[in-house]
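Hi there,

Here is the structure I promised to pass along. Have a look at it first, and my notes follow underneath.

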Amino acid sequence: MNHDRMDEQEAPLHDDQHLPSPTLWPFAFAIGIAVILVGLIVDPLVISSIGGAIAVVSGFLWARSATAELRGHAVAVEPETRELREARAGEPATAPPAPSERFPRSRFLEGATLGLGGVIGGLVTVPIAGFALLPPFLGQKRHEVDLGPLTGFPEGKWFISTFMTDPAAGEVSRRTAFVRNNGLLNNVPSLTIISNRCAHLGCPVQANGPTGAILGEPNVTEHTANGPILLQPVVPAGFGCPCHGGQYDTEGNRTAGPPVRALDRYSFEIKDGHVILLSTYSVAHVDGTGAQAKIHKYKLAGPGEHVDGPEQWFYPLNPPHH
């Protein structure tokens with residue numbers, strides 16, 4: 001009876017020795033995975049690399065800790081249990097059991113299953129992530145747009161210019177810009193060319209003012225290498241977004257509504273007397289007007305993204321635009 005009672009007291013002790021001791025490495029591993037996922041959105045190169053390093057190191061230490069306990073258990077647990085029984089029961093212990101496996105089969109199957117699952121998950125996830133994330137970062141052809149001769153833009157007048165950036169792509173590449181000839185600046189033509197993409201959510205911004213027939217001035221169509229370019233005269237008091245009420249002045253500065261910055265602009269060059277649109281860039285704000293304006297320009301950012309101030313820290317990476 002006493003032996004049975006002692007066996008019952010020893011059984012929990014023996015079982016407890018099979019349980020791994022508490023460790024923080026699983027939590028560190030989970031944190032590393034979370035950092036990787038956040039990095040895919042915020043900064044795939046830097047933050048995801050940090051998360052990967054955390055996950056690899058903590059995973060290695062986690063596995064090392066678990067296997068160390070297995071090695072120690074195989075050597076120490078059974079002899080200690082026999083000695084305790086001899087001392088407490090006052091009788092010799094039964095024949096020693098066969099030595100346990102250095103790496104139990106269940107542990108091997110568990111590791112093999114997790115490893116195989118990780119490989120399969122990687123084979124499925126990596127191609128999908130590549131197709132989804134890589135194209136914007138790969139080299140893409142830059143499309144220059146010929147808006148027609150500079151003489152088609154009289155000094156001081158605004159035009160709504162509609163064009164296709166890539167005629168081969170068709171209507172999907174159609175864009176609109178507001179163009180004003182500011183005259184000469186240091187004997188070089190100065191133009192204000194503002195994109196009609198709202199800085200809030202990307203809706204098409206419209207000119208706040210009379211256009212075309214109302215002004216008694218006809219629309220003009222220029223035929224260039226980019227196909228027909230429509231030039232519509234306009235006298236804007238500013239620009240407005242019909243979607244959410246964003247308002248801008250004639251330099252593109254935000255004056256009201258939800259936009260977080262000024263309207264984007266086009267860089268340009270004069271080639272053989274023609275106005276050639278190049279790439280677009282983002283603008284925080286503009287000081288002054290016309291040829292004397294000081295433009296606070298930045299790399300092109302998406303709608304709703306800040307380009308200056310502390311808020312820009314939340315948007316550290318943007319794919320290249322052409």
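**What turned up**

Strands β8 (residues 239-240) and β9 (residues 247-248) run antiparallel to each other and are joined by two bridges. If you would like a spot to start from, G240 has Q247 in β9 as its bridge partner. Please keep in mind that this is a predicted model.

That pair belongs to an open, antiparallel sheet of four strands, ordered β5-β8-β9-β10. At its edges sit β5 (206-207) and β10 (254-256), each of which pairs on one side only.

There is also a hairpin to look at: β6 and β7, with two residues between them. Here β6 (residues 220-224) and β7 (residues 227-234) pair in the antiparallel sense over five bridges, and T224 lies opposite G227 in β7.

Now for the interior. In soluble globular proteins, nonpolar side chains tend to be buried together. The largest nonpolar core in this model has 15 residues, and those touching the most other members are L147, F153, F163, I193, V275 and L277. Two or more residues each come from β1 (145-149), β2 (158-164), β3 (174-185), β4 (188-195), β7 and β12 (274-287).

What does L147 touch, leaving aside its neighbours within four places in sequence? Its contacts are F153, S161, F163, V179, E222, T224, I229, V275 and L277. T224, then, is both a contact of L147 and the residue opposite G227.

Finally, a second, separate core holds 14 residues, including I160, V205, A207 and C241.

Happy browsing!

Definitions and conventions:
Residues are numbered from 1 along each chain as its sequence is written. This is a predicted model: local features need pLDDT of at least 70, side-chain atom pairs count only at pLDDT 80 or more; totals for chains, interfaces and linings use all residues. Side-chain values use heavy atoms; hydrogens and water are left out. Two strands pair if DSSP finds at least two bridges between them. A nonpolar core is a set of buried Ala, Val, Leu, Ile, Met, Phe, Trp, Tyr and Cys residues joined through side-chain atoms within 4.5 Å. Buried means under 20% relative accessible area, exposed over 50%, partly exposed in between (1.4 Å probe, protein chains only). Contact means heavy atoms within 4.5 Å.
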